[in-house]
Amino acid sequence: MDYITCTPKRLPAEKLVAAAKTATTINPLNHAPLERLIRLMPGFAPTPEHIAVVTSKYWGLQGVKLTVGFMDNPEKALKQRLLLHMNAWAKTANVTFVETSTDPQVRVARTGGDNGGYWSYLGTDILHIPKGQQTMNLENFTMQMRESEFHRVVRHETGHTLGFPHEHLRKGLVAKLDVAKTIAYFERTQGWSEAEVRAQVLKPINEATLRGTADDAKSIMCYQLPGTITLDGKPIIGGLDIDATDYNFAALIYPKPKMSGPTPKTPANKTSAKKASKKTAKKVARRAIKR
Ligand SMILES: [Zn+2]
């Protein structure tokens, strides 16, 4: 069976600094934990470019309401099916994707060629894409595509639109990669240097030290890599669907408004709210570092 894999998509270098500003204006929690780095490394003076690459791109605790347009006007059934899977994240998170024909924020195309493949820009970065260009590409997606690929691919790309980056590869998966081919692949598709590929892809993180929770090797946001760069020629396809950990994380980043009436501001409530936002900030910071 042929599996589609996601090609990470990053803004061109000249847009990174402005996009980082947008990200922290929309959501102050996106701000990279530079104070800690400065404390750890006296004399460390980050440049705006350094700051930009460690800034995360989440939309903010108020939730996500994005309009969606389809650039090549696919059949109605396909539009509805794509929207259904984009909105799968709404199960636990305050997230809504609604179709519009005027000025859509999320623009879905199905082009091939140089800009083809399966990808989405990350979170608030989509605001920096010129109006005539897609923010998400789903090359070849039709109603004939297997249902499982709607779950695995559309929900994964939507995760990027929500600001979720790729999870680091687990040790076992890194061992499957052909190092030289992997470096060449990311140089070609991302313009990354060898050092960047080694840090981002080839260096597994010890997840036990980073996450207090169970290992999430099945996350929908796992890296997906083509069979052309693995030693056994098989692609690394990542998680098959949004899993429990993904749903919990999405709920933490985009909490749903409480259904009950206004909550009285008792000291107990204040403390737990404070705790929750601290917890969110910590998790956001972790993901930012991982990028
Ligand atoms: Zn991806």
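Okay, let's start with the surface: this chain has an accessible surface of about 15,000 Å², and 59% of that belongs to carbon and sulfur atoms. Before I go on, please keep in mind that this is a predicted model. The average pLDDT for the chain is 86, with 84% of the residues scoring at least 70. There is a weak stretch, though: over residues 208-215 the pLDDT is below 50, and beyond near neighbours in sequence that stretch has 11 contacts in the model. Where pLDDT is low, the predicted coordinates should not be read in detail. I'll leave that stretch there.

Now the overall layout. You're looking at 11 helices and five strands. The chain has 291 residues, and 46% of them count as buried. What about contacts along the chain? If you take contacts between residues at least 6 apart in sequence, 77% of them join residues at least 24 apart.

On to the metal. Which residues hold the zinc ion? The protein donors are Cys6, through SG, and then His156, His160 and His166, each through NE2. They lie 2.0 to 2.2 Å from the zinc ion. If you want to find them in the sequence, the spacing is C-x149-H-x3-H-x5-H. So what geometry does the site have? It's tetrahedral, with angles of 99 to 122° among the four donor atoms. For reference, the ideal angle for four tetrahedral donors is 109.5 degrees. And two of those histidines, His160 and His166, are buried.

Let's look at a couple of helices, beginning with helix 8, residues 194-202. Its buried residues are Val197, Gln200, Val201 and Leu202. Where do they sit around the helix? On the same side of helix 8, because they cover an arc of only 145° around the axis.

Helix 10, residues 244-253, is worth viewing end-on too. Its buried residues are Asp246, Tyr247, Phe249, Ala250 and Ile253. Seen down the axis of helix 10, these fall within an arc of 165°, so they line one face of the helix. And what's on the face turned away from that buried side? There you'll find the exposed residues Ala244 and Asn248.

One more helix residue, and that's Arg81. You'll find Arg81 in helix 4, which covers residues 76-86. Is Arg81 buried or exposed? Buried: its relative accessibility is 16%, and the cut-off for buried is under 20%. Leaving out residues up to four places away in sequence, Arg81 touches Met143, Met145, Arg146, Glu147 and Phe150.

Okay, loops. I've picked a few residues to click on.

First, Ser56. This serine lies in the loop between helix 3, residues 48-54, and strand 1, residues 64-70. With a relative accessible area of 3%, Ser56 is buried. Its C-alpha atom is 7.9 Å from that of Ala20, and those two are 36 residues apart along the chain.

Next, Asp114, in the loop between strand 3, residues 106-109, and strand 4, residues 118-120. Asp114 has a relative accessible area of 88%, so it counts as exposed. How far is its C-alpha from the C-alpha of Thr189? The separation is 9.9 Å, for a pair that sits 75 residues apart along the chain.

Then there's Asp232, in the loop between helix 9, residues 207-210, and helix 10. Asp232 comes out as partly exposed, at 44% relative accessibility. From the C-alpha of Asp232 to that of Asp178 you get 9.0 Å, with their positions 54 residues apart along the chain.

Last, some backbone angles. Asp103 has a positive phi of about 55°, although it is not a glycine. Asp103 is in the loop between strand 2, residues 95-99, and strand 3. Asn140 isn't a glycine either, and has a positive phi of about 70°. Look for Asn140 in the loop between strand 5, residues 136-138, and helix 5, residues 147-161. Asn140 counts as exposed, at 53% relative accessibility.

If you open just one view afterwards, I'd go back to the zinc ion, with Cys6, His156, His160 and His166 around it as donors. That's it from me.

Notes:
Residues numbered from 1 in each chain as written. Predicted model: local features only at pLDDT ≥ 70, side-chain atom pairs only at ≥ 80, totals over all residues. Heavy atoms only, no water. Donors = N, O, S within 2.8 Å, 3.2 Å for Na, K, Ca; no water. Tetrahedral: all angles 85-135°; square planar, octahedral: opposite > 155°, others 65-115°. Buried < 20%, exposed > 50% of the residue type's maximum accessible area, 1.4 Å probe, protein only. Helix = DSSP H or I, 4+ residues; strand = E, 2+ residues; numbered from the N terminus. Contact = heavy atoms within 4.5 Å. Areas by Shrake-Rupley, 256 points an atom, 1.4 Å probe, with all protein chains shown as cover. Arc of directions from axis to C-beta. pLDDT = per-residue confidence, 0-100.
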